[in-house]
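This report describes the fold, the domains and two selected residues of a single chain. The structure is shown first.

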Amino acid sequence: MKRRTFLGSLSASAFLVGTSSFSLGQAAVKRLTMQPLLDARSAGQVRLEALKGQTGFVGSSGTNTWGFNQPFLGPTLRMPTGRSTQVDVYNSLDETISVHWHGLLVPGVVDGGPHQPIAPGKTWSPELAITQPAATAWYHSHAHGATARQVQLGLAGVLQIDDGQDDARGLPSEYGVDDLTLVLQDRRFTRGGDFDLSPSMPDRMMGFLGDTILINGQVGSSAVVPKGLVRLRLLNGSNARIYTLALSDDRPMHLVATDSGYLDKPIQLSKLLISPGERFEVLVDFSNERDVTLTSEHNPNIGMMGGMMGGQRQQSGRFTVLPFTVDTTLPVRITKLPDDLGGTRPNGNAANANWRRLSLDMPMGMGMMFGRSDSMFSINGDAFAMDRINFRVTQGAFERWTVSADMMMHPFHVHGAKFQVLSENGRAPRPQNTGWKDTVLVNGAVDLLIRFDQPAPANAPYMYHCHILEHEDAGMMGQFTVG
Ligand code: C2O
Ligand code: CU
Ligand code: CU
């Protein structure tokens, strides 16, 4: 029998990724908790209240934070596929927000983008009819021009679409025990203990990078797991940080699901790249009872400007994302890797698709280094404008989108559909991108095959954008109708 205490065994400084003077000291290592599970499957209804609170991340100083139903972040929503869930979102904050269901294939009118603002004191009650396969999605603020700040403050949570079949699939499914939902974020703190929300010039150019890793809104926590197979539902909820995940003893991760649902069978990976907005579900085997740490390489998004920006943007080596401790007293449920996950891998044909090219631009010139950033970011030269529909898509027809990014990597996301990655830089997609996706990291050019089955009228269009939230807010976003 092996039991651990979770206090004081690790220096919390292991969780710092940057070089800032802010220090955590020798804070005790705590057991990681999940967000509360808000299960809509029986009631068919859930309520979210956006509110202000205080959260103690480090030391004793409280950090001013926002959350849904709690001081920071939101509950994990579980919604059934094949039925409707009504969500009542009440905004008790004193500024306008919105709540977008990232990954839900729902009509534009309930999508929660910038055209569905929720004013202070108001309630928004979309009816979410979910017909898509089981998947790990998420929800977050998408308020016009304020997404980066509102998400950093805490307006984000996980949304699990559930079909009740995980036991039949042989997948770990006990929430917080062998089925862990992990939200990866990074933050910086001011000397007063608040989130540092004033983006530096490098943050505005390349996206915010924090020096402290938060998992489920917790700093310096350790996950306690049973021996056997454990499922990690990973969401990169960071504004801009890209993680290159690997386990410290190089044991494999078995990929079972991507953004929009299950694969047909697991794919063994030694490294997993996860960019903002993406979700991946992996199984990790703890049957050898050995503790292990989930680590990441430093942010690879150096881009052409990285040399000028310097600092933590060029660090090498690895840092701690989350240590795992095996508790052999916990019941072991799943020990065998499932061989049939019941999902599909997209296998479409772009021959008759309508072809669009989307270039995620960052115009060159010295002016951009010193000027305001809000006209520098665009797609095909157009910065986002609330009153401009960039194009129109025919409902139910295949589209091939070639998305390119040359100056730096951009995670590209589309609302209202899932897509197939046909190719990356002319080659077959990386294994981790062979499942259904709604967000993909573009480093060069990707070819996507996509079809929109839900309507999005001109007063409630879908968005497509870079999921580096500073880029999105600054104009690297467009909108389109489906009809
Ligand atoms: Cu995750 Cu348009 O958003
Ligand atoms: Cu989305
Ligand atoms: Cu970007």
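The text below goes from the whole chain to its domains, then to the core and to single residues.

The model is predicted. The chain contains 30 strands and six helices. Of its 483 residues, 51% count as buried. Among contacts between residues at least 6 apart in sequence, 78% join residues at least 24 apart.

The domain assignment divides the chain as follows.

| Domain | Residues |
|---|---|
| domain 1 | 32-163 |
| domain 2 | 169-326 |
| domain 3 | 354-482 |

UniProt, in an unreviewed entry, lists "domain: Plastocyanin-like" for residues 58-164, 210-289 and 372-482. Over residues 210-289 the model has 59% strand and 0% helix, and the C-alpha atoms at the two ends of this stretch are 33 Å apart.

Between domain 2 and domain 3, the C-alpha centres are separated by 24 Å. Their contact draws on 29 residues from domain 2 and 20 residues from domain 3. On the domain 2 side, at least two residues each are supplied by α3 (201-206), β17 (253-258), β18 (261-269) and β19 (272-274). By residue class, this side of domain 2 has 16 nonpolar, nine polar and four charged residues.

The largest nonpolar core comprises 125 residues, and V256, V282 and V442 are the members that touch the most others. Strand β26 (residues 398-414) provides the largest share of this core, with seven residues. For V256, the contacts beyond four places in sequence are L171, Y262, L263, P266, E281, V282, L283 and L341. V282, one of these partners of V256, is thus also named among the core members with the most contacts.

A second residue to examine is A156, which lies in strand β11 (residues 156-162). Is A156 buried or exposed? A156 counts as buried because 26 C-beta neighbours lie inside 10 Å, and the cut-off for a buried residue is 20 or more. Setting aside residues within four places in sequence, A156 is in contact with L73, G74, W138, Y139, H140, V151 and G237. How far apart in space are A156 and V177? Their C-alpha atoms are 22 Å apart, with a separation of 21 residues in sequence.

Methods. Residues are numbered from 1 along each chain as its sequence is written. Chains are lettered from A and ligands numbered from 1 in the order in which they are written. This is a predicted model: local features need pLDDT of at least 70, side-chain atom pairs count only at pLDDT 80 or more; totals for chains, interfaces and linings use all residues. Domain bounds come from an automatic or database domain assignment. Two residues are in contact if their C-beta atoms, placed from the backbone, lie within 7 Å. Helices (H or I, at least four residues) and strands (E, at least two) are DSSP runs, numbered from the N terminus. Ala, Val, Leu, Ile, Met, Phe, Trp, Tyr, Cys and Pro count as nonpolar, Asp, Glu, Lys and Arg as charged, and the others, Gly among them, as polar. A nonpolar core is a set of buried Ala, Val, Leu, Ile, Met, Phe, Trp, Tyr and Cys residues joined through C-beta atoms within 7 Å. A residue is buried if 20 or more other C-beta atoms lie within 10 Å of its own, exposed if 12 or fewer, and partly exposed in between; C-beta atoms are placed from the backbone. UniProt positions are given in the numbering used here, feature names are shortened, and annotations may be inferred rather than shown by experiment.
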